[in-house]
Amino acid sequence: MVGTAFQSIGLGLASAVGAARALEDGRTLVLVSGDGGFLMGLSALESLIGTARSAIVVIYNDAAYGGRVSPVRVAGPDREADADPRSGLSAVARALGAEAAVIRYLSDLSALQDWIEAGAKGTFVADCRITSSVRAPWLSE
């Protein structure tokens with residue numbers, strides 16, 4: 001839960017490296033990050049890949065800094081003006097040595113299932129593309 005208490009962005013991957021090092025009982029580490037936070041900590045991905053015996057990184061990829069963009073959208077400006085396409089996150093993860101997949105539909109999770117069935121060794125990055133058309137009601141208040 002690093003970063004959640006004080007809404008920090010970018011600490012996930014670096015914190016996951018330490019958490020992966022601390023795990024000694026064969027459990028799989030799970031990191032959930034937005035795409036912006038993932039990019040801010042990208043330099044730690046290679047360290048996570050080299051450290052974790054078993055890790056899953058789930059990226060909520062809305063192609064924007066959602067916490068910043070959503071309130072701006074409510075105010076009226078066109079979302080496209082603030083869009084920041086991030087289509088290569090899984091490719092970067094693979095280049096650094098992780099297993100990775102773009103997840104658009106439930107059927108795309110078969111790549112993660114295959115990784116688990118093969119022993120869940122190393123790091124798997126799930127680049128989950130999420131819609132920008134659904135947002136929490138509190139963002140509109």
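At 22% relative accessibility, Arg129 counts as partly exposed in this predicted model, because the partly exposed class lies between the buried limit of under 20% and the exposed limit of over 50%. The salt-bridge partner of Arg129 is Asp127, with the closest N and O atoms 3.0 Å apart. Asp127 itself is buried, its relative accessible area being 0%.

The structure holds two salt bridges. In the other, the side chains of Asp25 and Arg27 meet at 2.8 Å, N to O. Arg27 has a relative accessible area of 53% and is therefore exposed, since the exposed class begins over 50%.

The table lists the salt bridges with their distances.

| Salt bridge | N to O distance |
|---|---|
| Asp25 and Arg27 | 2.8 Å |
| Asp127 and Arg129 | 3.0 Å |

Asp25 and Arg27 also take part in the lining of the largest cavity. Empty space of this kind is found by rolling a probe the size of a water molecule over the atoms. The count comes to one cavity of 30 Å³ or more, and the volume of the largest cavity is about 60 Å³. Besides Asp25 and Arg27, the lining includes Ala20, Leu23, Glu24, Gly26 and Leu29, together with Ala52, Arg53 and Ser54.

The aromatic side chains come next. A pair of aromatic rings is described by the distance of the centres and the angle of the planes. One aromatic pair is found in a search of the whole structure. Trp115 and Phe124 make up this pair, with 5.7 Å from centre to centre and 45° between the planes, an arrangement classed as tilted. Trp115 counts as buried at 7% relative accessibility, and Phe124 counts as buried at 2%; both assignments follow because the buried class covers values under 20%.

On the surface, Val30, Val32, Tyr60 and Ile130 make a nonpolar patch of about 370 Å². Val32 is found in strand β1, which covers residues 29-34. With a relative accessible area of 46%, Val32 is partly exposed; this value is over the 30% required of patch residues, so Val32 meets that condition for inclusion.

As for the overall architecture, the protein chain contains six helices and four strands. Read from the N terminus on, these elements run α-β-α-α-β-α-α-β-α-β. Of the 141 residues in the protein chain, 38% are buried. Asp127, Trp115 and Phe124 are among the buried residues, with relative accessible areas of 0%, 7% and 2%, respectively.

Key
Residues are numbered from 1 along each chain as its sequence is written. This is a predicted model: local features need pLDDT of at least 70, side-chain atom pairs count only at pLDDT 80 or more; totals for chains, interfaces and linings use all residues. Side-chain values use heavy atoms; hydrogens and water are left out. Patches are made of residues with over 30% relative accessible area and no salt bridge: like charges are joined within 9 Å, nonpolar side chains (Val, Leu, Ile, Met, Phe, Trp, Tyr) within 5 Å. Accessible areas come from the Shrake-Rupley method with a 1.4 Å probe; for residues, only the protein chains shown count as cover. A salt bridge is a side-chain nitrogen of Lys or Arg within 4 Å of a carboxyl oxygen of Asp or Glu. Helices (H or I, at least four residues) and strands (E, at least two) are DSSP runs, numbered from the N terminus. Buried means under 20% relative accessible area, exposed over 50%, partly exposed in between (1.4 Å probe, protein chains only). Rings of Phe, Tyr and Trp (its six-membered ring) pair if their centres lie within 6.5 Å; planes under 30 degrees apart count as stacked, over 60 as edge-to-face and the rest as tilted. On a 1 Å grid over the protein atoms alone, a cavity is a set of points where a 1.4 Å probe fits but cannot get out, and a pocket is an open set with protein on both sides within 12 Å along at least five of seven lines; lining residues have an atom within 4 Å of a point. Grid points are joined across faces, edges and corners, and a volume is the space filled by probe spheres set on the points.
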